[in-house]
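Open the model in your viewer and keep the selection panel at hand. The stops below run from whole chains down to single residues.

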Amino acid sequence: MTAVGPVAPVEGAAAGVGLRHGLRQLGSPRWRKRNLTFDRISFFAVFLVVPLAAYIAFVVSPFVQAAYFSLTSWTGFSADIPFVGLSNYTKLLDDDIFLKAVGNSVVLALVLPTVTLVLAMFFATLVTVGGSSRGNVRGLAGSSFYRIVSFFPYVVPAIVIGLIWSQIYDPNSGLLNGILTKVGLDQFQSFAWLGEVGTAKLAVMFVIVWGLVGFYLVLFIAAIKGIPAEVFEAARVDGAGRFRSTISITIPLVRDNIQTAYIYMGILALDAFVYMAALEPGGGPENSTLVISQRLFTTAFTQGQFGYACAMGVVLAVITLAYAGLVFLVIRLTGGRDEVAE
Amino acid sequence: MNNPVPTLRSFDRRNFLRGGLAAAALAATGGLAGCATSGTGSTTPSNTATGAASADNPFGLAANSSTEAVIFKGGYGIEYAEFAGKAMQTKNAGSTVKVSPATNIAQTLQPRFVAGNPPDVIDNSGAGLIGINTIRDQLADLTDVINANNYEGTKIADTLYPGVTAPGTFDGKFVQLNYVLTVYALWYSASLFEQNGWTVPKTYDEMYELGGQAKAKGKYLLGWGKEAATYYQTMAIASAIKQGGNDVRLALENLKPDCWSMPAVQSVFTGLKKIIDAGYVKPGGAGTVFTAAQAQWSNDEDFLLYPSGGWIENEMKDQTKDGFKMTGAPEPTVDSSSAMPWEALHSTAGEGYIVPAQGKNVAGGKEFLRAMLSKDAATNFAKTTFSSSIVKGLIPEDGFGSTALQSQVKMLDAAGTNVFTWNFVDLYGTNTDQLVLWNTFLQGGSDVATLTKGLQSITDKIAADDSVKKVPVS
């Protein structure tokens, strides 16, 4: 009876019946001795201490420092760091431009993941299981070609994508207005896609979706390929169409991938700095595309208010954590993993 | 018996990690304390390397010392600074000068300022410059540089254009030597104007009329790019100062309530609004990269006039139509009864050189500036960049073959002492916020009242912010 505990005392373990060899060793003096061998110590050092130290030095410590600096009026260019308590945060609440940036970032975080992932899921279904309904379950004809082509934008660095699209959107010599006016839509003559309040946000969101949909497409394809084809075949035999298979089979079975993708994409949308720096370096018309990270950068480096900028960073971090928490909660509430038999 | 035993003994992985995290948190707090204070130890200047000062060595540059210069690499390149560095090495045999380029001054040098080991001399310029208001307490006073003799033996102060030390003087302390003389003007193609028999407009009404004539030729009067919409703010402020006199400048500089509602400012805005509403401004600027917009002017001749600084010729060198004859004219006034004549000029010295007081070799930094202000280096600068340094009398009649440079010298001569400038936009870093308003205004999306209200709220916000040090101007 004493032997049932996994780390039972030595005597008990020795007398135990039916215990596996390895478990007994855990509690034995030999194990304790091996604890101190060079192998073990070096193992701990390499795989635990070094990564932990790096993590503390490069992740935890900057976080803590930023949180501290957010309570100061540090200019960023001197060793003089006056402590001012929470006044940076009260200032943030009255800063209409910052609040506008928060609003824009939140809109991006809500819209971008949804649009990107719905599109990616749609295409992934088409190229994996959306093909002919006769014979084996397969994707559309030429699906491997689409798969490769759709991944192209992701291979191009974000800053380059931004620069390419800022040329395409150019009001007078850009490709987009060139095509639109050529087909007779003369109202787009000199139309500033990135300069009109009504279109700027949509235009930048389109670019971000365009740049990333290929990556999530590949992610979802890999996940869907992991589902046994028999499941789809069985569903088909039962009379399920493509849409029904997607809703009832594909999405529940790749739920974990969707959750991960949603969080990644949301974090990217809350940042969005690179795309904005290339497309709308000034924050866009009436600041309609200004995001928190851009405002933070300007505040720190051109206005020399690092303390205030750190407070913005802390707010951004809190929003990001809240966002991740929300996604977990929604996934949990809508069924979570228990719906899938494992 | 089952339960208590494992609990007592289980120093398992999970708990080990928890302990690790707690230790990490403690370590981080300790590290933070170390970090926040690490800089303070080194605030005392470490510039022990000084030699004996003499007429030939006015700042006491130590023998065989080394000087580090970080130069903004933009439109002017860094070759002119390397030239000055070589001149300094020749003059002070044994000393070495290291000139290195940087494009983002604030990001590159911020850690070095915090650590207390900044370079000895910095060209603090470009879009990523360090706001001078942020660091001016940490800079060496440069008065002794302009009081020293140049390498030819003349007192430097006597060789400079008048008023060039003003933009680098804050609260009576001269801490920033702006090396390049920048003339702000309304630029046009002399050849295009000649062909069409157009004359340069001197008031906003004349500008409006010219807009009609341009339209008849299928051209626009003005144009802009999204990053440079505030060039029109620069022109508007200059026009308002000429119209209303010095009081306008002082009200804006000192962030006075309702300063943007002054009659002179309002009449300029109204004049511009009339031109915008008439459709004389090339549409689409709010979505156009500014260099592309400038090429529409200098290469395609889509529009006639462009307000900018004298750097425009160098900036558009590769994208200017042959025979364009780029020429500058002073900014228009509202009418002929203006407080200053039309010839009055917005001109200032730009490209701010600073010498951090904490640098290892402050004397070296100053000596570098002395070399730059001497005849050889200053002439070399004008010749290679088609721009004037603040050292006067070095540009020949033919402007080294540049019509823009010729016209700059002409405008400066015509203006005489009617030369003015202002600092508040750069000083308080408000350009980014103002850009947004000007893009909307230029594309016809807002009226004069909205523009005024927006600009005033930016000004009021700075004025009310106690954490921003103000520089009173009189």
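What percentage of the 474 residues of chain B count as buried? The figure is 49%. A residue is buried if 20 or more other C-beta atoms lie within 10 Å of its own, exposed if 12 or fewer, and partly exposed in between, with C-beta atoms placed from the backbone.

Some ground rules. This is a predicted model, in which local features need pLDDT of at least 70 and side-chain atom pairs count only at pLDDT 80 or more, while totals for chains, interfaces and linings use all residues. Residues are numbered from 1 along each chain as its sequence is written, and chains are lettered from A and ligands numbered from 1 in the order in which they are written.

**Select chain A, then chain B.** Chain A has 16 helices and zero strands. Chain B has 19 helices and 11 strands. Helices (H or I, at least four residues) and strands (E, at least two) are DSSP runs, numbered from the N terminus. In chain A, 35% of the 342 residues are buried. Now take contacts, meaning C-beta atoms, placed from the backbone, within 7 Å. Of those between residues at least 6 apart in sequence, 65% in chain A join residues at least 24 apart. In chain B, 76% of the contacts between residues at least 6 apart do so.

**Color chain B by domain.** Domain 1 covers 66–181 + 348–402, and domain 2 covers 183–346 + 421–464. These bounds come from an automatic or database domain assignment. The C-alpha centres of the two domains of chain B lie 30 Å apart. Each domain of chain B gives 11 residues to the contact. On the domain 1 side, four of these residues are nonpolar, seven polar and none charged. Here Ala, Val, Leu, Ile, Met, Phe, Trp, Tyr, Cys and Pro count as nonpolar, Asp, Glu, Lys and Arg as charged, and the others, Gly among them, as polar.

**Select B:121–124.** This is strand β3 of chain B. B:V121 and B:D123 are buried on one side, B:I122 and B:N124 on the other. Side chains in a regular strand alternate between the two faces of the sheet. Add β1(B), residues 66–72: it pairs with β3(B) in the parallel sense over two bridges. Pairing requires at least two DSSP bridges between the strands. B:V70 has B:I122 as its bridge partner. Then add β9(B), residues 345–354, which pairs with β3(B) in the antiparallel sense over three bridges. There, B:I122 is partnered by B:I354.

**Stay on β9(B) and pick B:E351.** This residue sits in the strand. Its phi is near 65°, a positive value in a residue other than glycine. B:E351 is buried because 26 other C-beta atoms lie within 10 Å.

**Jump to B:D258.** Look in the loop between α10 (246–253) and α11 (263–277) of chain B. Phi of B:D258 is positive too, near 60°. Is B:D258 buried or exposed? B:D258 is exposed, with 12 other C-beta atoms within 10 Å.

**Finish on B:403–415.** This is helix α16 of chain B, with 13 residues. Its buried residues include B:L405, B:Q408 and B:M411. Seen down the helix axis, the buried residues of α16(B) fall within an arc of 160° (taken from the directions from the axis to the C-beta atoms), so they line one face. Their cover includes β6 (176–189), α13 (312–315) and β9 of chain B. Just after α16(B), B:G416 takes a positive phi of about 60°.

Key. Two residues are in contact if their C-beta atoms, placed from the backbone, lie within 7 Å. The expected span of a helix is 1.5 Å times one less than its number of residues.
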